[in-house]
Amino acid sequence: MSQKYVQKVLLSKEEIAEKIALLGEQISRDYAGKEIFLICVLKGAVIFLADLMRQLKVPVQVDFMAVSSYGAATESSGVVRIMKDLDGSIEGKHCLIVE
């Protein structure tokens with residue numbers, strides 16, 4: 001990472017990895033014996049989703065959504081548009097939204 005563009009580092013990559021590992025442990029405990037359906041909101045959550053999935057000790061399924069409330073503007077319009085919906089039903093599944 002170029003220091004030229006970074007004014008202040010809030011968390012080191014090691015601190016982030018530690019937090020994700022702790023979150024993965026907690027989710028694995030909370031959903032022990034169950035399968036989780038992870039819904040990833042594109043595009044910003046993809047890397048986090050991959051890191052989190054590596055920490056989970058329970059079976060997972062994954063699908064993706066893309067939503068927008070900005071359009072071409074820099075401020076939210078307040079109206080959320082679904083650009084890509086889930087491919088299948090999530091009825092009766094244990095779902096976590098990853099954003």
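Two strands are taken as paired if DSSP finds at least two bridges between them. Helices (H or I, at least four residues) and strands (E, at least two) are DSSP runs, numbered from the N terminus. The model shown is predicted, so that local features need pLDDT of at least 70 and side-chain atom pairs count only at pLDDT 80 or more, while totals for chains, interfaces and linings use all residues. Residues are numbered from 1 along each chain as its sequence is written, and side-chain values use heavy atoms, with hydrogens and water left out.

**View 1. Pairing of β1 with β4.** Strands β1 and β4 are joined in the parallel sense by five bridges. Within this pair, Leu 38 stands opposite Leu 96 in β4.

**View 2. The β1-α2-β2 unit.** Seven bridges link strand β1 (residues 36-42) to strand β2 (residues 60-68) in the parallel sense. Leu 42 has Ala 66 of β2 opposite. Between the two strands the chain passes through helix α2 (residues 46-55), forming a right-handed β-α-β crossover. Right-handed here means that, with the strands pointing away from the viewer, the path from the first strand over the helix to the second runs clockwise.

**View 3. Pairing of β2 with β3.** Strand β3 (residues 81-84) runs antiparallel to β2, and three bridges join them. Val 67 stands opposite Ile 82 in β3.

**View 4. The whole sheet.** Four strands form an open sheet in the order β3-β2-β1-β4, with mixed pairing. The edge positions belong to β3 and β4 (94-98), each of which has a single partner strand, so one side of each lacks a neighbour in the sheet. From one strand to the next, the twist averages 35 degrees (axes are lines fitted to C-alpha atoms, for helices over the stretch in contact, and angles run from 0 to 180 degrees between N-to-C directions). Along the chain from the N terminus, the elements follow the order α-β-α-β-β-β.

**View 5. A nonpolar surface patch.** Leu 10, Leu 11 and Ile 16 make a nonpolar patch of about 310 Å² on the surface. Patches consist of residues with over 30% relative accessible area and no salt bridge, in which nonpolar side chains (Val, Leu, Ile, Met, Phe, Trp, Tyr) are joined within 5 Å and like charges within 9 Å. A salt bridge is a side-chain nitrogen of Lys or Arg within 4 Å of a carboxyl oxygen of Asp or Glu. Accessible areas come from the Shrake-Rupley method with a 1.4 Å probe; for residues, only the protein chains shown count as cover. Ile 16 lies in helix α1 (residues 13-30).
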